[in-house]
Amino acid sequence: MLLGAIADDFTGATDLCSMLVRGGMRTVQLIGVPRANDPVPDADAVVVALKSRTAPVREAVDESRAALAWLRAAGARQYFFKYCSTFDSTDTGNIGPVADALIAQLGCGFALACPAFPANARSVYQGHLFVGGVLLNESGMEHHPLTPMTDANLVRVLSRQTEGKVGLVPYAAVEQGAMHVRTAMTSLQEQGNRYAIVDAVKDAHLLAIGEAAEHHVLITGGSGVAMGLPANFRRAGLLHHGGEAAALAKLVGHAAVLAGSCSRATLGQLDVARTKVPVLQLDPLAQPDSEGMVRTARDWMADKLGEAPVIIAASASPDKVKALQQRLGRDAAGALVEQTLAHIAEDLVSRGVRRLVVAGGETAGAVVSRLGVRSLRIGVEIDPGVPWTYAEGGSTPMLLALKSGNFGAPDFFVKAFTIAAP
Ligand code: ADP
């Protein structure tokens, strides 16, 4: 293993994985802190996906430390702490406290911090984070229910979360390339800084930062800043893969989609798919009974599973979602649908489904945990940010694509089964 990464949420972890695979690194995502005797995947990068972004600080720190200990024992050469490209955190954490703990554990004393991801319209200029053309604190993120971002100045934001000093490598240095970034970081470290926020407004900057950080023990940032890392390993003669890094073992079996996302993108993707493949639309408002819905799905799939992919969806328009939430309470409504879909996923697998797309972040979490999936080897992307993965840990290996609600083009559910890998 060359790179050992810790991600503060699940979809963020997958995002980082895809970036590394694009750079030719064979990458495996592990779900939760691995157990001491879990086998080390045969991969160039291993990304441990935690749910620590909004967890209590102590818990986030403890889990991150445990993940790092496992990755060190597994022999990684460099470490990466992945957080959101909008630097999602509060004044008490968790980016600062987790990064502090990792720096202390590694004894490296210093790390760069760069959430920039210009391809996704996240850029950092003079230490200020922009989303598209506006400052972070005017982007809507100031209203985030859990991590409201009311200050775009990342030097200040990170300073509030750590006792360490935070400096800045400004645009002028980054624009001059890797050597200048390295010199600037070295002098910040010599001046007693624990962190360097690094400006980046285009991919060339990310590549320069990656090159400059070649010998850093720990790098922190969004998945953008990982763009330059595969080239370091390649230059050092440690990485020999190219496009085949995304190759997954073939699996024979039925294909299905489970949709629990009610996002506009997913509703549109279902509309497109309805004209092409069989779709069972569950209606939890009319049938707010998990066992009943599972039975309905079981009868339906017995009839429909065959050559073509099938879709089972609970997704509904905002007024229907609201009506169910009013009747059951928000959490109970979500849990009812998530647990029902997870149960149906189990039935699909027992009936021979081996290629499964799950739409919805929370829905995917429920399905993965019900199936007992512990690791995902990352394959080709169906659309940006949504790769096919080879999932292990459950009763049988299978190909899974976990789509966060808003991701994917309108023909996603059809396209997923026609691209090369599965
Ligand atoms: P996204 O990635 O779009 O946010 P999630 O799966 O994370 O999707 O969240 C969607 C939530 O909506 C889940 O909790 C799911 O159980 C719930 N849900 C799905 N269908 C319905 C429905 N018909 N009525 C109410 N809630 C629903």
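**Close-up views of a predicted model**

**View 1. Helices around the ligand.** Three helices, H11 (318-328), H12 (330-350) and H13 (361-371), each contribute at least two residues to the shell around the ligand. The model is predicted. The shell is made up of 18 residues, of which Ser261, Glu338, Gly361, Glu362 and Thr363 come nearest to the ligand. Sorted by class, seven shell residues are nonpolar, nine are polar and two are charged.

**View 2. Polar contacts of the ligand with Ser261, Glu362 and Gly334.** In the side chain of Ser261, an N or O atom is 2.6 Å from an oxygen atom of the ligand. Glu362 places a backbone N or O atom 2.7 Å from a ligand oxygen atom. For Gly334, a backbone N or O atom is 3.0 Å from an oxygen atom of the ligand. On its own the ligand has 570 Å² of accessible area, and the protein covers 81% of that area.

**View 3. Packing of helix H13.** Thr363, Ala364, Ala366, Val367, Val368 and Leu371 are the buried residues of H13. These buried residues pack against helix H12 and against four strands: E2 (27-31), E12 (254-259), E15 (353-359) and E18 (398-403). In an α-helix there are 3.6 residues a turn, so residues three or four places apart point the same way. Just after H13 comes Gly372, with a positive phi of about 75°.

**View 4. Cysteines without disulfides.** Zero disulfides are found in a search of the whole structure. For Cys17, the closest cysteine sulfur is that of Cys84; the two sulfurs are 16 Å apart, so they are too far from each other for a bond, given that a disulfide requires sulfur atoms within 2.5 Å. Cys17 counts as buried because its relative accessibility is 0%. Cys262, in contrast, counts as partly exposed because its relative accessibility is 33%.

**View 5. Gly192 in a loop.** Gly192 sits in the loop that runs between helix H6 (178-190) and strand E10 (193-198). The relative accessibility of Gly192 is 47%, so this residue counts as partly exposed, a class that lies between the cut-offs of 20% and 50%. Gly192 is 43 residues from Met149 in sequence, and their C-alpha atoms are 27 Å apart in space.

Methods. Residues are numbered from 1 along each chain as its sequence is written. This is a predicted model: local features need pLDDT of at least 70, side-chain atom pairs count only at pLDDT 80 or more; totals for chains, interfaces and linings use all residues. Side-chain values use heavy atoms; hydrogens and water are left out. A residue is near a molecule or strand if one of its heavy atoms lies within 4 Å of it. A polar contact is a pair of N or O atoms within 3.5 Å; within protein, one must be able to donate a hydrogen and the other to accept it, and residues adjacent in sequence count only if both atoms are side-chain atoms. Accessible areas come from the Shrake-Rupley method with a 1.4 Å probe; for residues, only the protein chains shown count as cover. Ala, Val, Leu, Ile, Met, Phe, Trp, Tyr, Cys and Pro count as nonpolar, Asp, Glu, Lys and Arg as charged, and the others, Gly among them, as polar. Buried means under 20% relative accessible area, exposed over 50%, partly exposed in between (1.4 Å probe, protein chains only). Contact means heavy atoms within 4.5 Å.
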